[in-house]
Amino acid sequence: MTAPPEPTALTVKERKHVTVSELKEWLSCPLRHWYRYKLGLWSDTTTSFFALGNATHAGLERFYSPLDPRNLDLAREVVRRAWADEQAKVNWSEERDGRDPFMTGQTALALLDASCAEPEDWRPVAVEKTLYADIEHSRLGKLPVPLKTRVDLLIESAQGPGAPDVVEHKTADKSWPAGKEHSEVQPVAYTMAVRANYGHNPVTTHNILVANKAPKVDRRSSVRTQDHIDRLYVQIRALLDADERGGVYPNPTSWAHERCEFRAICDTWEAHPQPLPTGRRLQLLVPGLGDYAARVPGATWHGKHG
Ligand code: SF4
């Protein structure tokens, strides 16, 4: 039997934009950011909490589809299908609190039902809309790359569909503390994106779905200003500066450290990024890496193709 081909080289990806998720990853652990965003080493593994959020999110995307809004039966079907994919990415033996695939899938459906039963008068304009915006400080000018953001749901504002507001769906394992909606970073990105693309300063409503025994829905709104954009600019500029200087270091105090897929590499870490193994060795070190060569620009192949 012919051995499957293996990638022989990893190259650093050229930056075309920046996202809030990327910024959060970099702030949490610059090395994990390096593996994922710079080398493209994304694994397919996830936790039950993220799987739950993804499945619920998929159902809400369907529920608010502007072409056929508020079709709960179809939205529930989308959650079921999404859950079949998501639950397969979870290592259930590592899950705490006795979570299991069946009950967690039922929780995803219960969260969807609870959210859809909560009264609102949202008129959907678009779901999962990707928008770009310049990252511009009030005094320091513009950064060389744009911000990319994906908005969960755009709805008509009081000024009509051409000046939309934003809804962000959030899954939480406990209630948000008072005021948290005003410190989240993502709405700043939404504000930049809606300002740039629609010339409107949006209200962002957080649709918070709390996965308690009895699912709870909490809705909170916030509005962001240029001051918030200036603060985000400074953080993103620090990320771009670190990119240029090659400043990469591990952060074992990161929230992600305990279950990070790169632990096997980091446990033998010395000081600075070193050439990583490729092919089967890297796949063995990083759980769930799968066919990463297909997703890594610059990864080249050797061996006989079967
Ligand atoms: S194992 Fe810890 S230090 Fe290493 S990349 Fe992951 S989060 Fe960072």
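A nonpolar core is a set of buried Ala, Val, Leu, Ile, Met, Phe, Trp, Tyr and Cys residues joined through C-beta atoms within 7 Å, and the tour of this predicted model begins with one of them.

Select A55, V79 and A193 to start, since these are the residues with the most contacts inside the largest nonpolar core, which has 45 residues. Keep A193 highlighted and add L131, A133, T149 and V151, with which A193 is in contact once its neighbours within four places in sequence are left aside. Then move to C29, L41, L282 and Y292, which are included in a second, separate core of 10 residues. In soluble globular proteins, nonpolar side chains tend to be buried together.

Next, colour strand β5, residues 147–157, of which eight of the 11 residues are buried, so that the strand is largely enclosed by the rest of the structure. On one pairing, strand β2 (residues 124–133) runs antiparallel to β5 and is joined to β5 by eight bridges; to see one position, select T130 and look for R150 of β5 opposite. Strand β6 (residues 160–172) is also antiparallel to β5, with four bridges between them, and a pair to pick out is L153 with its bridge partner V167 in β6. Follow the chain from β5 into β6 and you pass through a hairpin of two residues.

Finally, centre the view on the ligand, which is surrounded by 13 residues, the closest being C29, P250, H257, C260 and C266. Helices α2 (30–38) and α8 (263–266) are the elements that give two or more residues to this shell, and by class the shell comprises eight nonpolar, three polar and two charged residues.

Methods. Residues numbered from 1 in each chain as written. Predicted model: local features only at pLDDT ≥ 70, side-chain atom pairs only at ≥ 80, totals over all residues. Buried ≥ 20, exposed ≤ 12 C-beta atoms within 10 Å, placed from the backbone. Contact = placed C-beta atoms within 7 Å. Near = placed C-beta within 6 Å. Nonpolar A, V, L, I, M, F, W, Y, C, P; charged D, E, K, R; others polar. Pairing = 2+ DSSP bridges.
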